[in-house]
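Grab a coffee and work through a few exercises on the fold shown here. Try each task on your own before reading the solution.

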Amino acid sequence: MRRSKITGLLLIMGMFLAGCGANSRSAGIEEDAVMQELYDRSEIARGYTDPIFQEYLDQYDSDCEIKETSFGFEPAETPAQAQYFVEYQYSNGVSDDLKYFYQVQVDDNHKCIVLKEGEGQAEMETSTEDAEIEWLTQ
């Protein structure tokens, strides 16, 4: 009798632990899917701002050249609420370390809206010390 209770208890514990493992695996899959969506939307924001920035450079001088493009996001509750950043390091023939940034919102239909742009480095407006832009460089 005692052996059957122990076996039953072990069986229940095994099912419980297997269930927990399945939940953690599905949570990991969901987290991966969210991170992939954030990355994809960062790429969409970069693709949206590339021609806008090139047009910005074209109005100045043919010596202007993009040296590096960085793009990323500020994490949020959902990918649609996240802020996406694209930052260009460029030269104008005189200086090689000029920067220009765009802060973009990408909705669920992948339509982009430029919220902010300007000379210098992109910065988050959030006052949380732990939060930072997740940068991807190309």
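Below are five exercises, each followed by a worked solution; keep in mind that the model is predicted.

**Exercise 1. Get your bearings: work out which pattern of helices and strands the protein chain follows along the sequence.**

Solution. Start with a count: the protein chain has one helix and five strands. Next, read along the sequence, and you get α-β-β-β-β-β. Then look at cover: buried residues make up 28% of the 138 residues. As for the surface, the accessible area of the protein chain is about 9,300 Å², and carbon and sulfur atoms account for 51% of that. Finally, take the contacts between residues at least 6 apart in sequence: 50% of them join residues at least 24 apart.

**Exercise 2. Place strand β2: find how many bridges join β2 to β1, and how many join β2 to β3.**

Solution. Begin with β1 (residues 65-74), which runs antiparallel to β2 and is joined to it by nine bridges. One pair to look up is S70, whose bridge partner in β2 is E87. Now turn to β3 (residues 98-106): seven bridges join it to β2, and these two strands also run antiparallel. Here, Y84 has V104 in β3 as its bridge partner. Between β2 and β3 comes a hairpin with six residues in between, and G93 in the turn has a positive phi of about 95 degrees. To finish, check how covered β2 (residues 83-91) is: eight of its nine residues are buried.

**Exercise 3. Find which residues touch the most other members of the largest nonpolar core.**

Solution. The core has 18 residues, and the two you want are F53 and Y84. Next, ask where the members come from: α1, β1, β2 and β3 each supply at least two residues, with α1 giving the most, at five. Now zoom in on Y84. Leaving out residues up to four places away in sequence, its contacts include L38, R41, S42 and A45, as well as G72, F73 and V104.

**Exercise 4. Sort out the salt bridges: for D108 with R41, E43 with R46 and E87 with K99, say how far apart the partners are in sequence.**

Solution. The structure holds six salt bridges, so let's go through three.

- D108 and R41 have their closest N and O atoms 2.8 Å apart. D108 is in the loop between β3 and β4 while R41 is in helix α1, so this pair ties together parts 67 residues apart in sequence. D108 is exposed at 57% relative accessibility, whereas R41 is buried at 4%. Together with E37, they are linked in a network of salt bridges.
- E43 and R46 meet at 2.7 Å, N to O. They are three residues apart in helix α1, so about one helical turn separates them. E43 is partly exposed at 22%, and R46 is buried at 14%.
- E87 and K99 are at 3.8 Å, by their closest N and O atoms. E87 sits in β2 and K99 in β3, so the pair ties together parts 12 residues apart in sequence. E87 is buried at 9%, while K99 is partly exposed at 27%.

**Exercise 5. Trace what Y48 touches, not counting residues up to four places away in sequence.**

Solution. First, locate Y48: it belongs to helix α1 (residues 2-58). Its contacts are C112 and V114. Y48 and C112 are 64 residues apart along the chain, yet their C-alpha atoms are separated by 7.1 Å. Last step, accessibility: at 35%, Y48 is partly exposed.

Methods: Residues numbered from 1 in each chain as written. Predicted model: local features only at pLDDT ≥ 70, side-chain atom pairs only at ≥ 80, totals over all residues. Heavy atoms only, no water. Buried < 20%, exposed > 50% of the residue type's maximum accessible area, 1.4 Å probe, protein only. Helix = DSSP H or I, 4+ residues; strand = E, 2+ residues; numbered from the N terminus. Pairing = 2+ DSSP bridges. Contact = heavy atoms within 4.5 Å. Areas by Shrake-Rupley, 256 points an atom, 1.4 Å probe, with all protein chains shown as cover. Core = buried A, V, L, I, M, F, W, Y, C linked by side-chain atoms within 4.5 Å. Salt bridge = Lys/Arg side-chain N within 4 Å of Asp/Glu carboxyl O.
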